[in-house]
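Here's a quick briefing to read alongside the model. It starts at the ligand and then moves on to some backbone details.

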Amino acid sequence: MTTPAAFQPLNAQNIQRALSTKTFGRTLHVLEEVASTNTAAAALAQENAPHGTVVVAETQTAGRGRLGRHWHSPSGKNLCCSILLRLLPAREQQPLWLSWIPLTAALAVRRAVQVLTNLKPSVKWPNDILIGNRKLGGILCESSGVGTAHASVIVGIGLNVNVRRDEFPEELREIATSLAIEARHPCDRTALLAALLAELETRCESFLAGAHEDILKEYMLRCSTVSQRVRIELAHGEQMDGVAESIQADGSLRVLRDDRTAVDIRAGDVVHLR
Ligand code: BTN
């Protein structure tokens, strides 16, 4: 009897067969175990790996999340992957693109999930993928050499796919979810990765071709933070409450504070209050 697709280990041949991309994933490293796929992709970038190189691993021993957090993912259940982006716009456009990459990646992941499962996740600013109020996935983007001819960005994506509720550590059980929990059946990680790379490649190309407005419009449509009452947790333990009003052209979140002043947030952690 053959193993159903959802339970098969990731393998390079199957992933490449499923790809519909021009570049993304055409150079592919499938690893059993790695400290962090982002770190592995950064090392490959140093060795001149091409634009669109993908590293995917069954397990990470030191998976990293945003704001210095650890990323938990049991072996063989989820997607932990990193994509190397080398094609960046001209230097003066790079800051705009850099601030949009995490948001664009979140849109790509969201759409891939919808295409494959019919679930309709939302994006919590800047780049958490949510189903209801629970976190399905997250994105960690790391850039280097910005402003030089060797600029590169690593887009690291962690998505909870086939993990069961009892496999989450206690502290995540009420705030995280997986596709298998939500769809009530296990999901094919190979098909998901291929869909995600296709969605990301398309959006990166559109952005580089100047279609910023389209990405902003899609983000406004899919972002569940806008119109919510939020708490922004800033660096050094500072907090700020208000209502998330809109997404600005540079990808920042405009928050109308309780004292009626507007602030544009570029980095920080957002809590949806209700
Ligand atoms: C977050 O904090 O929400 C971002 C999580 C990003 C996790 C992914 S898993 C693949 C890649 N490698 C890492 O070490 N982190 C990212």
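How do the residues of the shell around the ligand divide into nonpolar, polar and charged? The split is 6 nonpolar, 10 polar and 4 charged. Keep in mind that this is a predicted model, so every value below is computed from it.

**Around the ligand**

- There are 20 residues around the ligand, and the ones that come nearest are Ser-36, Gln-60, Arg-64, Arg-66 and Lys-135.
- Arg-66, one of those nearest residues, uses its backbone: a polar backbone atom there is 2.6 Å from an oxygen atom of the ligand.
- Lys-135, also on the nearest list, uses its side chain instead, with an N or O atom 2.6 Å from a ligand oxygen.
- Thr-37 brings in a ligand nitrogen, which is 3.1 Å from an N or O atom in the Thr-37 side chain.
- On its own the ligand has 420 Å² of accessible area, and the protein covers 98% of that.

**The pocket and what builds the shell**

- The ligand takes up the space of the largest pocket.
- Four elements give two or more residues each to the shell: α2 (37-46), β3 (79-85), β6 (134-144) and β7 (152-159).
- Of the shell, β6 supplies the largest share, at 4 residues.

**The β10–β11 hairpin**

- Strands β10 (residues 253-257) and β11 (residues 262-265) run antiparallel to each other and pair over 4 bridges.
- If you want a pair to look at, try Arg-254, whose bridge partner in β11 is Asp-264.
- Between the two strands sit 4 residues, and in this hairpin Arg-260 takes a positive phi near 75 degrees.

**Backbone oddities in the loops**

- Look for the cis peptide bond between Trp-125 and Pro-126, where omega is about 0 degrees.
- You'll find Pro-126 in the loop that links β4 (122-124) to β5 (128-131).
- Arg-184 isn't a glycine, yet its phi is positive, at about 65 degrees.
- That residue, Arg-184, is in the loop between α4 (179-183) and α5 (189-208).

How values were computed. Residues numbered from 1 in each chain as written. Predicted model: local features only at pLDDT ≥ 70, side-chain atom pairs only at ≥ 80, totals over all residues. Heavy atoms only, no water. Near = heavy atom within 4 Å. Polar contact = N/O pair within 3.5 Å; in protein donor to acceptor, adjacent residues only side chain to side chain. Areas by Shrake-Rupley, 256 points an atom, 1.4 Å probe, with all protein chains shown as cover. 1 Å grid on protein atoms, 1.4 Å probe; cavity = no way out; pocket = protein on both sides within 12 Å on 5 of 7 lines; lining within 4 Å. Sits in = over half its atoms within 2 Å of the grid points. Nonpolar A, V, L, I, M, F, W, Y, C, P; charged D, E, K, R; others polar. Pairing = 2+ DSSP bridges.
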